[in-house]
Amino acid sequence: IFVVEMAALRLLLILGVLGMMSSAYSDCSTHPLLSPADCCHDKSPDVFYFTWETTKGNISFIVKREWSPAGVDRFYNLLKYHYFDGVTEGFGNQNGFFRVVPGFVVQFGIAGLPAVSQAWRNLNINDDPVKISNLAGTLCFATAGPNTRTTQLFINLGDNSRLDGMGFSPFANITSGYKNVLAISSKYGEQPNQDSIYSQGDGYLRQYFPGLDYIVRTTISLTSPHAADHDL
């Protein structure tokens, strides 16, 4: 009980600090993740590459804006401002792979800090036409219906082309590290509760699902670090 109470106290202190930071710096001079409606509207390059260092190893992707323009712009801002990184500008923002269904998807994208995840939760973007299919190794936004993309993502683990007709528009494809995606722990399946992650943050996942895998940090490049090993 003492450990749980101390963890809750630490979370409250972090949220208090971030709340003061957000209020005091609405001009974006603090970290833009706390004021995304005002600060995170950069247009992405036409093509770029990125690598996620994860607890299962590196995973690299190519992103093309033509595949899903609104989605890529949103995703580029999430990457640029370190939404997915485990340690960001002095505070932890862990992103756990909280839903793993072998042969289907690996889902993630709820920030480890409730102050951050709540700031983005209702910043929906409009859907894009589906230009490429939901094949294994493609990256796509999760949705709660039409025009509800925010920050949650999934990596396809199989031929999920049936999702194309439902409006799921992939915007990136793995170029290296697909084996590391397949190694992400599926121990907890679909057990983690998304509302609890939003309200309690990473503390909830660490307490009840200690075996989850995580994104650690992101690197972005305009040139490919790898030759494609997983074509569309």
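User: What relative accessibility does lysine 80 have?

Analyst: Bear in mind that this is a predicted model: local features need a pLDDT (the predictor's confidence in each residue, from 0 to 100) of at least 70, side-chain atom pairs count only at pLDDT 80 or more, and totals for chains, interfaces and linings use all residues. Residues are numbered from 1 along each chain as its sequence is written, and side-chain values use heavy atoms, with hydrogens and water left out. Lysine 80 counts as partly exposed (buried means under 20% relative accessible area, exposed over 50%, partly exposed in between, with a 1.4 Å probe and protein chains only), its relative accessibility being 35%.

User: Which residue does lysine 80 form a salt bridge with?

Analyst: The closest N and O atoms of the pair are 2.6 Å apart, and a salt bridge here is a side-chain nitrogen of Lys or Arg within 4 Å of a carboxyl oxygen of Asp or Glu. Lysine 80 lies in helix 3, and its partner sits in the loop between helix 2 (36-39) and strand 1 (47-54), so the bridge ties together parts that are 38 residues apart in sequence. The partner counts as partly exposed at 22% relative accessibility. It's aspartate 42.

User: How many salt bridges are there by this rule?

Analyst: The lysine 80 pair, with aspartate 42, meets the cut-off. Arginine 217 with glutamate 53 is another salt bridge. The full count comes to 8.

User: How many residues apart are arginine 217 and glutamate 53?

Analyst: These two form a salt bridge whose closest N and O atoms are 2.8 Å apart. Arginine 217 is in strand 11 (residues 214-221) and glutamate 53 in strand 1, so to speak distant parts of the chain, with a separation of 164 residues.

User: Which glutamate forms a salt bridge with arginine 99?

Analyst: Arginine 99 has a partner with closest N and O atoms 2.8 Å apart. Arginine 99 belongs to strand 6 (residues 99-101), while the partner is in the loop between helix 5 (178-182) and helix 6 (194-200), 91 residues apart. At 52% relative accessibility the partner counts as exposed. The residue is glutamate 190.

User: How many bridges join strand 1 and strand 11?

Analyst: Helices (H or I, at least four residues) and strands (E, at least two) are DSSP runs, numbered from the N terminus, and two strands pair if DSSP finds at least two bridges between them. Phenylalanine 50 has isoleucine 220 of strand 11 as its bridge partner. Strand 1 and strand 11 run in the antiparallel sense, and the number of bridges is 6.

User: Which residue of strand 11 stands opposite glycine 96?

Analyst: Strand 5 (residues 95-96) is joined to strand 11 by 2 bridges, and the two run antiparallel. Opposite glycine 96 you'll find tyrosine 214.

User: How many residues of strand 10 are buried?

Analyst: Strand 2 (residues 57-64) joins strand 10 in an antiparallel run with 4 bridges, and strand 8 pairs with strand 10, also antiparallel, over 2 bridges. Strand 10 (residues 172-176) is mostly covered, and the buried residues number 5 of 5.

User: Which residue in strand 10 is the bridge partner of threonine 138?

Analyst: Isoleucine 62 has its own opposite number in strand 10, asparagine 173. For threonine 138, the bridge partner in strand 10 is asparagine 173.

User: What is the phi of histidine 82 near?

Analyst: Histidine 82 is in the loop between helix 3 (69-80) and strand 3 (87-88). The residue counts as partly exposed, at 29% relative accessibility. Its phi is positive, in a residue other than glycine, and near 65 degrees.

User: And about what phi does asparagine 147 have?

Analyst: Asparagine 147 is placed in the loop between strand 8 (138-141) and strand 9 (153-156). Asparagine 147 is not a glycine, yet its phi is positive, at about 55 degrees.

User: How many contacts does the stretch 227-232 have beyond near neighbours in sequence?

Analyst: The protein chain averages a pLDDT of 87, and 82% of the residues score at least 70. Residues 1-9 fall below 50, with 1 contact (heavy atoms within 4.5 Å) beyond near neighbours in sequence. Residues 227-232 are also below 50, and their contacts beyond near neighbours number 17.

User: What share of the 232 residues counts as buried?

Analyst: The protein chain has 7 helices and 11 strands. Of its 232 residues, the buried share is 50%.
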